[in-house]
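The following exercises ask for a reading of one model, residue by residue and strand by strand. Each task is followed by a solution in steps.

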Amino acid sequence: MASPAANLKVNGARLWESLMEMAKVGPGVAGGNNRQALSDADGEARKLFKSWCEEAGATVGVDKMGSMFAMIPGTDPDAAPVYMGSHLDTQPTGGKYDGVYGVLGGLEVLRSIKDMGIKTRHPIVVTNWTNEEGSRFAPAMLASGVFAGLHTLDFAYDRTDADGLRFGDELARIGWIGDEDVGTRKIHAMFELHIEQGPILEADNLDIGVVTHCQGLWWLQVTLTGKDAHTGSTPMAMRKNTGLGMARMIELVQTIAMDAQPNAVGGVGQINVYPNSRNVVPGKSVFTIDFRTADPAKLDAMRARFETEAPAIADALDISIEIEPVGHVDPVTFDPALVERVRGAAARLGYSHRDMVSGAGHDACWISKIAPTTMVFCPCVDGLSHNEAEEITPDWATKGADVLMHAVLETAIITA
């Protein structure tokens, strides 16, 4: 299979202009974006994206989850398409690049292919997956999850936001319920271009992350029950202090994650103490633990160690403990052949690169369950994401899209 010539490059200036133009839709309050799924701004962004795709010669289809598929044909009518894409929705205080870069980077690949008159055997599709973020309608990666068969359409339509508005109703309101049944499209392979959302590439002064895996996770909710007591009049030795128990267990989470190195993380992100009064020893504390790694055995071992050692902490303080698993995702191993194409494309273009594990979830994780899939990362400043200050450079954006184009063309097979 012939590889694209190293002089094939996207139009980086056009890609950057598109990113800046899309950032005007659903502006945030501090330079980023608030374009949550199925908001009016989401509908406006979709219209803009569709117009750009049609200008590039693509035909745009929409499924019943509102996911958009912009396709240019291949020379073989029976060949399954090669997909690119990510999402246009953002967090309430989101940046201009998370997800959007993958959609518009894919669009730039289509535009560049058209400019250069390149034909491929397989059709090529750019996708905007609906509700990847899950900030308004949980869970995250909802549309790709329905596409991959993890959720039903009825389940998705019945999700509600904080105001009680239904996903299905809001999708209809903004006018983006398509006529395609979800999951019926054939996929030969899928590539997702994304910002790293972490600090490694920038710190190592590298251009490209070759994503080999996506971390699995265990979320555990821990409830500690003791006894409310007056802080001033209850002797230290007679307290049933759930706040102290929680503090010691947070330290245990840190120890477990450090002992599981390399390539494992753990932390406590949500804490509630009751009655949450400055002069009351808390009689109840509830907190959540997030363990992540790409190694399935290590992931389960981290959970098991906490469940073994935390009760001893509780016993020593004479408090009770309940540990409830509230979330789980298996680690994802991306397709080795596609990973190698990304790696080869970066090398052919002369871009510095390294293998990476994604610490965040992406639509590619769900699609990997039904088709060969991988991801391409570009750096982001200070590793900052899900933040209006999120930033990348035009050079990083261009190089990531160049690698995407080369990997996609090699997979779609350039024809004479």
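**Exercise 1. Find what the side chain of histidine 194 reaches on the backbone, then place this residue in its surroundings.**

Step 1. The side chain of histidine 194 reaches the backbone nitrogen of glycine 99 at 3.4 Å. A polar contact here is a pair of N or O atoms within 3.5 Å; within protein, one must be able to donate a hydrogen and the other to accept it, and residues adjacent in sequence count only if both atoms are side-chain atoms.

Before going on, note the basis: this is a predicted model, in which local features need pLDDT of at least 70 and side-chain atom pairs count only at pLDDT 80 or more, while totals for chains, interfaces and linings use all residues. Residues are numbered from 1 along each chain as its sequence is written, and side-chain values use heavy atoms, with hydrogens and water left out.

Step 2. Histidine 194 belongs to strand E6 (residues 189–195). Helices (H or I, at least four residues) and strands (E, at least two) are DSSP runs, numbered from the N terminus.

Step 3. Histidine 194 is buried, at 1% relative accessibility. Buried means under 20% relative accessible area, exposed over 50%, and partly exposed in between (1.4 Å probe, protein chains only).

Step 4. Leaving aside residues up to four places away in sequence, histidine 194 touches residues including His87, Asp98, Gly99, His362 and Cys378. Contact means heavy atoms within 4.5 Å.

**Exercise 2. Which residues does the UniProt annotation "binding site" cover, and how are they arranged?**

Step 1. In the unreviewed UniProt entry, the annotation covers His87, Asp98 and His194. UniProt positions are given in the numbering used here, feature names are shortened, and annotations may be inferred rather than shown by experiment.

Step 2. These residues span 108 residues in sequence, yet no two of their C-alpha atoms are more than 9.8 Å apart, so they gather at one spot.

Step 3. His87, Asp98 and His194 are all part of the lining of the largest pocket. On a 1 Å grid over the protein atoms alone, a pocket is an open set of points where a 1.4 Å probe fits, with protein on both sides within 12 Å along at least five of seven lines; lining residues have an atom within 4 Å of a point.

Step 4. Aspartate 98 sits in the loop between strand E3 (82–86) and helix H3 (100–116). With a relative accessible area of 5%, aspartate 98 is buried.

Step 5. The side chains of aspartate 98 and histidine 194 make a polar contact (3.1 Å). Among the other residues that aspartate 98 touches are His87, Glu133, His386 and Glu390.

**Exercise 3. Describe the burial of E6 and trace its strand partners.**

Step 1. Seven of the seven residues of E6 are buried. On one side these are Ala189, Phe191, Leu193 and Ile195, and on the other Met190, Glu192 and His194.

Step 2. E3 and E6 pair in the parallel sense over three bridges. Two strands pair if DSSP finds at least two bridges between them. Methionine 84 has phenylalanine 191 in E6 as its bridge partner.

Step 3. E6 also runs parallel to strand E16 (residues 373–378), joined by six bridges. Here phenylalanine 191 stands opposite threonine 374.

**Exercise 4. Why is strand E5 (residues 124–128) largely enclosed, and which strands pair with it?**

Step 1. Five of the five residues of E5 are buried, so the strand is largely enclosed by the rest of the structure. Ile124, Val126 and Asn128 point one way, and Val125 and Thr127 the other way.

Step 2. Strand E2 (residues 68–72) pairs with E5 in the antiparallel sense over five bridges, while five bridges join E3 to E5 in parallel.

Step 3. Asparagine 128 in E5 stands opposite methionine 68 and opposite serine 86.

**Exercise 5. Work out the layout of the open sheet of four strands.**

Step 1. The order is E10-E12-E8-E13, with antiparallel pairing.

Step 2. Strand E10 (264–274) and strand E13 (320–329) stand at the edges with a single partner strand each, so one side of each is left without a neighbour in the sheet. The twist averages 15 degrees from one strand to the next.

Step 3. Ten bridges join E10 to strand E12 (residues 284–293). In this pair, isoleucine 271 has phenylalanine 287 as its bridge partner.

Step 4. Helix H8 (residues 242–259) lies across strand E8 (216–225), E10, E12 and E13, running at about 170 degrees to E10. Axes are lines fitted to C-alpha atoms, for helices over the stretch in contact, and angles run from 0 to 180 degrees between N-to-C directions.
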